[in-house]
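Hi everyone, thanks for coming. Please have a look at the sequence and the structure on the screen, and then I'll walk you through a few places in it.

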Amino acid sequence: MTTIRREVLTLPAASPGPDNPLPPLRPLDEAHRIDDRDRAGLPRDMARQVDHEPLRSLLPVMVRDGYDRTRRARELDALVIENDRLRATVLPALGGRIASLRHKPSDRELLYVNPVLQPANFALNGAWFSGGIEWNIGATGHTTLSCSPVHAARVPAPDGGEMLRLWEWERLRDLPFQVDLWLPEGSDFLYVGVRVRNPHERPVPTYWWSNIAVPEERRVLAPADEAYHFGYERRLRRVPVPEYDGVDRTYPLNSTYAADYFYDVPDGRRRWIAALDEHGHGLAQTSTDVLRGRKLFVWGTGPGGRRWQEWLTEPGTGGYCEIQAGLARTQLEHVGLDPESEVSWLEAYGPLEARPDGDWHTVLRGAEERLEAALPRADVDTAYEAWRAHADTEPGERLAEGSGWGALEVLRADLKLPGTPFDESTLGAEQEPWLHLLRTGTLPEGGPHEPPGPTLVARPWRDMLETTAATPLAEYHLGIAQWHAGDRAQAVRSWERGLGCAAERWPLLRCLAAADQHDGHSERAAEQYAEAFDDLCGHRPEGDERWTAVAAALGREAIGALLAAGRTADARAVWERLDPETRDSGRFKLTEGELLAAEGRTEEARALFDAGFEVADLREGDESIGALWARLGDEPLPARYDFRMRPDGN
């Protein structure tokens with residue numbers, strides 16, 4: 001029979017560090033945008049969904065950039081669901097990621113299992129790690145829950161056994177979701193029932209892609225003759241499958257540059273994707289038809305792709321590619337979810353043995369026949385109906401606890417969400433001031449020398465902030481909510497009102513500086529940032545890690561703004577007041593290099609490269625290291641700093 005048990009995994013892991021304490025006011029750094037030239041000719045539904053309410057801001061989520069690259073043995077809580085055929089290992093504190101899926105009769109691991117836990121800047125809000133199966137909800141990109149806890153519990157399964165339920169509140173779109181893992185007795189396939197609910201009285205854009213890491217020495221099969229190719233040059237092209245530009249792209253190592261291939265699976269065709277090794281062994285994923293999209297992501301064999309592969313794991317270990325399944329054809333789209341409605345489907349993951357090489361249609365036909373024999377399409381539909389009848393079943397024993405944000409929203413709106421309880425017991429310190437506002441109509445002032453904490457920006461919370469007492473803290477939070485809503489002028493007025501009577505001015509000054517920067521007022525932004533940093537230094541208590549993170553975040557923004565305004569001496573003054581451990585970090589070594597270059601001290605900037613540094617939170621697609629190197633001379637960029645993801649000249 002199926003069992004669910006707790007385990008502890010010990011892995012070399014980097015410290016997650018603190019979240020960035022400054023609210024993300026800048027427009028989202030979104031790589032998944034397409035060139036306007038490519039919109040013409042798209043299918044009508046796809047063109048509509050590409051433009052359907054793309055995410056403009058990370059608020060209310062905070063950026064997670066406090067991690068480093070120093071790994072030591074750390075214990076990770078895991079939940080294992082197992083029958084006599086399969087064993088799945090789940091990490092509830094890390095987004096409910098399936099870290100391993102092992103087929104017991106063949107003793108084969110079906111996924112790419114990362115031997116380390118190394119956060120990198122790939123999630124929408126920063127910290128993300130590679131390997132396993134992740135559940136991406138919210139908006140185009142890796143979910144903000146990549147390195148966050150989710151709720152987990154035992155639930156009765158349709159066959160009388162047990163399921164493992166994972167659930168959370170996705171904060172970018174304010175949507176609750178659940179993922180039910182079910183292993184029927186004797187099954188070679190792990191069933192995954194997914195439900196996303198919109199409990200609101202308004203339509204909400206939604207997004208889902210199940211992301212599966214597999215070793216890259218594979219051939220990837222999906223039932224399509226064409227795909228939409230999307231690379232880091234942000235061009236979307238319809239290309240043939242399997243060969244494009246004279247190369248068979250279904251072999252990940254045949255591509256030079258990182259790219260997405262979104263397979264155009266014809267209507268009525270079974271939805272599936274597989275990755276098979278040279279011997280025909282590998283993983284297949286299939287689903288009910290609601291999960292229509294299928295995708296291959298490759299890193300490519302170019303120096304940038306290889307460098308990223310090393311960056312995310314241990315040098316010398318094997319690389320990986322990703323096969324994925326989503327609600328839309330591509331990850332550039334958002335799907336509308338009607339008021340007080342839901343969308344649900346069933347996925348299945350298991351071993352597949354089929355011939356990988358040869359004529360494309362012959363290979364596909366053989367793989368589909370083997371998949372149908374192993375798991376008939378009709379059985380997936382039947383399993384979905386059986387699971388759907390249990391989706392509202394209340395969880396039993398709680399196995400892990402997620403955040404308290406869902407509980408706060410349930411209290412605010414008096415929501416009824418059978419099957420996914422968000423208990424008041426999960427409310428914590430971050431929710432406490434907002435719970436006080438909800439119950440009393442007033443926002444409590446923080447303690448002396450306390451950072452402001454996270455802001456809630458949804459319309460109901462904004463309405464409450466507009467009617468509460470106009471304290472500096474309330475004006476600070478109200479301005480952030482107004483900024484998020486697009487009312488930029490009113491946000492500035494709120495921050496200016498709060499500034500008039502604030503004892504600690506730096507949070508409001510920083511918001512005003514960010515607004516000036518957004519509007520192109522670089523000199524005024526620089527002045528506001530300099531004043532904010534000076535005020536912070538005057539109030540900051542010594543020896544408090546939270547304030548070290550605040551100073552680092554504000555100092556980094558201030559130096560950038562001052563350099564952009566040509567105020568190099570003032571940027572140097574901010575640098576000198578940062579903590580030594582902050583200045584020694586890789587991110588600030590790059591900042592120091594930019595400062596030295598602005599001062600004309602080219603040789604000293606080059607010496608930083610020669611000594612070596614690692615920018616732990618280097619963003620996917622970020623070319624700032626290469627840009628700085630180019631300012632210092634004409635030599636080729638050293639391989640250790642080459643993270644470029646696109647061909648030169650694009």
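Let's go straight to Asp245, which sits in the loop between β18 and β19, the latter being residues 247–248. Keep in mind as we go that this is a predicted model. Asp245 is not a glycine, yet its phi is positive, at about 60°. Is Asp245 buried or exposed? Its relative accessibility is 66%, so Asp245 counts as exposed.

Now for another aspartate. Asp107 is in the loop between β4 (97–103) and β5 (108–109). Its phi is positive too, near 55°, and again the residue is something other than glycine. Asp107 has a relative accessible area of 53%, so it is exposed; the cut-off for that word is over 50%.

While we are looking at loops, let me show you two prolines. Pro242 is in the loop between β17 (236–240) and β18 (243–244). The peptide bond leading from Val241 into Pro242 is cis, with omega near 10°. Pro60 is in the loop that runs between α1 (44–50) and β2 (71–82). Here the bond from Leu59 to Pro60 is cis, and omega is near 10°.

Next, a residue inside a strand. Phe230 belongs to β16, which covers residues 226–231. With a relative accessibility of 4%, Phe230 counts as buried. How far apart in space are Phe230 and Gln331? They are 9.9 Å apart, C-alpha to C-alpha, although 101 residues separate them in sequence.

On to the helices, with one bit of background. An α-helix has 3.6 residues a turn, so residues three or four places apart point the same way.

Let's try that on α7, residues 459–467, where Trp461, Arg462, Met464 and Leu465 are buried. Why are they on the same side of α7? They cover an arc of only 160° around the axis, and that puts them on the same side. The face turned away from that buried side carries Arg459 and Thr467, which are exposed. As for what covers the buried residues of α7, it includes α5 (405–413), α6 (432–440) and α8 (472–484).

Helix α6 is worth a look as well. Its buried residues are Trp434, Leu435 and Leu437. Looking down the axis of α6, you find them within an arc of 160°, so they line one face of the helix. Glu432 and Arg439 are exposed, on the face turned away from the buried side. And which helices do the buried residues of α6 pack against? The answer is α5, α7 and α8. Just after α6 comes Gly441, with a positive phi of about 85°.

Let me finish with the whole protein. It has 17 helices and 27 strands. Its radius of gyration is 25 Å, close to the 26 Å that the globule rule gives for 650 residues, so the protein is as compact as a globular protein of that length. The C-alpha trace spans about 70 × 65 × 50 Å along its principal axes. Of the 650 residues, 58% count as buried. If we take contacts between residues at least 6 apart in sequence, 71% of them join residues at least 24 apart. Finally, the charges: there are 76 positive and 108 negative side chains, and the centres of the two sets lie 2 Å apart.

That's my tour, and I'm happy to take questions.

Key: Residues are numbered from 1 along each chain as its sequence is written. This is a predicted model: local features need pLDDT of at least 70, side-chain atom pairs count only at pLDDT 80 or more; totals for chains, interfaces and linings use all residues. Side-chain values use heavy atoms; hydrogens and water are left out. Buried means under 20% relative accessible area, exposed over 50%, partly exposed in between (1.4 Å probe, protein chains only). Helices (H or I, at least four residues) and strands (E, at least two) are DSSP runs, numbered from the N terminus. The arc is that of the directions from the helix axis to the C-beta atoms. Contact means heavy atoms within 4.5 Å. The radius of gyration is taken over C-alpha atoms; the globule rule is 2.2 Å times the number of residues to the power 0.38. Lys and Arg count as positive and Asp and Glu as negative; His and the chain ends are not counted. The place of a charge is taken as NZ of Lys, CZ of Arg, CG of Asp or CD of Glu.
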